[in-house]
Amino acid sequence: MYLNCHTYYSLRYGTIPPRELVAAAARWGIKTLVLTDINNTSAAFEFVRLCEASGIKPVLGMELRRENQLLYVTIARNIAGFEEINRFYSLHALEGKVLPDRAPAFSEVYVMYPEGRMPVEELRHHEFIGIRPEDINRLRVKGLHKKQHKLLVWSPVVFLHEQDFILHQLLRAIDCNTVLSKLTPEDMASKTALLLPPETLNNYFHQYPEIPENTCRLLDTCGVDMDYGLQHNRQSFTGTKDGDFTLLEKLAVSGCERRYGKLGTRALERVQKELKVIREQDFCAYFLITWDIVRYAKTVGYQHVGRGSGANSIVAFCLEITDVDPLELDLYFERFINPHRSTPPDFDIDFSWNERDDLVDYIFKRYGREYTALLATYNTFKGRSIIRELGKVFGLPKADIDRIADNPLDTDTHHPLAPQMLHYGNRLSGFPNYLSIHAGGIIISEAPIFRHTALDMMPKGFPITHFDMYHAEQLGFHKFDVLSQRGLGHLKDAVELVRSNRGKEVDIYRVDKIKQDLRVRHLLRSGKCMGCFYIESPAMRGLLQKLKCEDYVHLVAASSIIRPGVASSGMMREYIRRFHQPESVEYIHPTFEEHLGETFGVMVYQEDVMKIVHHFAGLDLDESDVLRRIMSGKKYRSDTFTRLRQKFFDNCRQRGHSNELANEVWRQIESFSGYSFCKAHSASFAVESFQSLYLKAYYPLEFMVAVINNFGGFYKTEFYFHEARMNGATVLAPCVNHSHYLTSIGEDTIYIGFIHLHQLERKLAHEIVAQRSRGGAFRSFGDFICRVKVSSEQLDILIRIGAFRFTAKNKYELMWEKNALLQTHTYSGSGGTLFEAEPETFQLPDLEEGPLDQAMAEIELLGFPLCSPFELIEPQNCGACIQAAQLSGQVGRMIHILGYFVCRKQVNTKNNQVMHFGTWIDESGDFFDTVHFPNFLKHFPFRGSGVYKIKGKVVTDFGFSSIEVVSMTKVQLRGLKD
């Protein structure tokens, strides 16, 4: 009789997690439960599994609402009915149509209308009226007591306890964007929307027993068989599974010859071994669809990076899905696919951020919109955002909300309602708030996608499922991760800029040659990697210098040990020590030296854990991967873990290892498993890093312009312009006769794009370029005003940044002239006039720009000056100040240095005190780094962007110099207050 149950996936309405709903029903002895979340099916699979485990028959449906108005409740008779409901809702959601007042003539779905919404006489055979327990005494008044065969028990379930009603009210107020006091009864569920015991519910209807009987008969005809497994995925690429294997084998063998040559016997053996497993595991179509996606990308000139555990596969390498050679790096295929894996594998394929949408569009059109969808993520209530939401619905002023959110422990300053807000904030933490889009996960199903989920449309025009990647994985779906990153945009744009600016063709796919290039190795060893994918951050720059890293293998390792888990465990430092003192490494067993010699006995990678478990203890590689996955998660008490642990120690005894040695190896495996990283993942990133390094080594100006135009990277845009200037570029402010919307380059001159001008309208920027293209360069200030429709305010921006410097007039003169010209000139919108009108002459006062005017305008309009920031500060007594290049000769000494602030990183000490790591540029333009310990940071904090005078002690760590700051003061800009 529970036809209308809500979980918290009735977003901003329901209050019950699925597990708690089913557990409560089991306690009451309820035999059948119908899940009907509002316009949502996120909980469907989880609900079914929970019910089956609890001996409850699950039934699926959906409560359909138009905005806040309940229309009807749909109840599926079977999985076909569930598909009908999903298709009905989805088609309206995807096409932006409102749901109709009347449900369609479903064939496998029952429909229940609220009493009073639909006349009983107009009901179809599958339609009914729901009667609430509190309305039972009004049946005779309305004459419904004579129509009991069309009535059902309707007892909505929104909360489990009466005190949860306030939680429901808070959710409704958040959804309605109003304060609690303004909620209306129509906005909320009734206080009686509780899960009632069956006896209580039956007692309400004792005068009309036919209604509960109708309800039970209806439920007896319902059920759902929601299976799971790989059969949900697209089953073939060619039309048959045999055809798939034939094609995959052909592509893999041909690719093997192309990658390794005709003598690649070892490679071919590995290919055949993998193909056998791929066929047995039924993954042929998965590989071919991924190959098809990459093939399309190549035909339209898109670059990609195949990464993740999929790069462990030599078949993927031969199909050119990845560019990581698993033989070169000793990567195990079992890390990607093995018979013991309980979850499907997935490829991570990166494309440029501005090309990914086209790839997604291709996938939808190639495999059909009925069978393809993006995965959702659940954006949940969490942290300070909950407090801010609750503060608004409680009606608190922003200042009070900020105090509670920013300082939750400072109770003395809190509003009296703060305890309630914090209490309900904790209650709401983790509740789903709304559906969002997964970073790149796509599923392609064999049956129509509506058999598994309803869909909603995202702003970019692609539909998403109602379940996330974890539910998809449990259902058995393969996930195609079509991801975006800006690093690939850097590469593509840089190659195109070299072609247009230098007339040269650059091949960045000769990765083997690039790895050996001396210029590239020098940049890597010196840490001069600004703009280069994955290796440009201050921490990575320092690590590369400490390791004196100059080859691919050690860059792969560096990309792994930089991760927080490794660093905080102390193993990053231990790795660096062993790197510099390999002779001091003591391996606890020859297996470690043989298989971990590359990383000096440190288990840097997930594959290293597998190697030791396999070669030291003799577990199969697939078992080793299962053990690794369990130890890196939270399933230590699982039966599989217990069995594999026992097998590890049994095998150790059989191999003659002492208990002491076996226990130590196990301890190390446990320790490393928590933070080890996928080697194939690091290797994929390292390939892209080398490509970036090559472009920077030989074409630094074009490369930096590409980085700037893709708006990606660790640093602010200012510092990429600085890097270009350090490499010989002349960087000029926007100019109406040379600049484009994006930043452009001509030989060694870089013109900043209009896009970087704060508050300059995009439309105007494009119009300037279009007019210049149609009618040539602007001949004068008046010619510009005649040809370009521009407001006075927008013209001010262009004048102040110096965009009319070709006129040889200063800004004051142009401002004066602007006021006269805007009144007398008429915008033509054409490519200019045949005979330009003779401008009027004016007698102007003597107007001169100050020496800092241009720099101040640049700071305001661009966010940074184009001159050296050290030219803008008050003169300093810096006779004793040193430069960054001199630090290595000052180790152990107290020094002074001027630094222009670049960025900082905040960390907490073991005592939970705040400290910072700073990055700076000196007067010569070179980078240096500082450490700010808590006791000094309190007295000398950072005060925003600018030049600082820094005093500190020079220290060195494996040859990398930095400064431990004891004091620093921000230097005054000339003529300005701090």
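## Gly 430 and its surroundings

In this predicted model, Gly 430 is in contact with Thr 380 and Phe 381 once its neighbours within four places in sequence are left aside. The residue sits in the loop that runs between helix H15 (418-428) and strand S10 (432-444). Because its relative accessibility is 39%, Gly 430 counts as partly exposed. Between Gly 430 and Leu 201 the C-alpha to C-alpha separation is 32 Å in space, and the two are 229 residues apart in sequence.

## Nonpolar cores

The largest nonpolar core has 152 residues, of which Leu 33, Leu 60, Met 226, Leu 248, Phe 287, Val 315 and Leu 390 touch the most other members. Helix H10 (residues 284-299) gives the most to this core, contributing 10 residues. A second, separate core comprises 136 residues and includes Val 602, Val 609, Leu 619 and Phe 719.

Met 226 can be followed in further detail: apart from neighbours within four places in sequence, Met 226 is in contact with Ala 44, Phe 45, Val 48, Arg 49, Leu 60, Ile 79, Phe 82 and Leu 475.

## Cavities

Six cavities of 30 Å³ or more are present in the structure, and the largest of them encloses about 100 Å³ of space. The lining of this largest cavity is made by 13 residues, and those closest to its centre are His 304, Val 305, Asp 323, Val 687 and Gln 691.

At least two residues of that lining come from each of strand S7 (304-307), helix H17 (486-502) and helix H29 (679-698). By residue type, the lining of the largest cavity consists of seven nonpolar, five polar and one charged.

Terms used
Residues are numbered from 1 along each chain as its sequence is written. This is a predicted model: local features need pLDDT of at least 70, side-chain atom pairs count only at pLDDT 80 or more; totals for chains, interfaces and linings use all residues. Side-chain values use heavy atoms; hydrogens and water are left out. On a 1 Å grid over the protein atoms alone, a cavity is a set of points where a 1.4 Å probe fits but cannot get out, and a pocket is an open set with protein on both sides within 12 Å along at least five of seven lines; lining residues have an atom within 4 Å of a point. Grid points are joined across faces, edges and corners, and a volume is the space filled by probe spheres set on the points. Helices (H or I, at least four residues) and strands (E, at least two) are DSSP runs, numbered from the N terminus. Ala, Val, Leu, Ile, Met, Phe, Trp, Tyr, Cys and Pro count as nonpolar, Asp, Glu, Lys and Arg as charged, and the others, Gly among them, as polar. A nonpolar core is a set of buried Ala, Val, Leu, Ile, Met, Phe, Trp, Tyr and Cys residues joined through side-chain atoms within 4.5 Å. Buried means under 20% relative accessible area, exposed over 50%, partly exposed in between (1.4 Å probe, protein chains only). Contact means heavy atoms within 4.5 Å.
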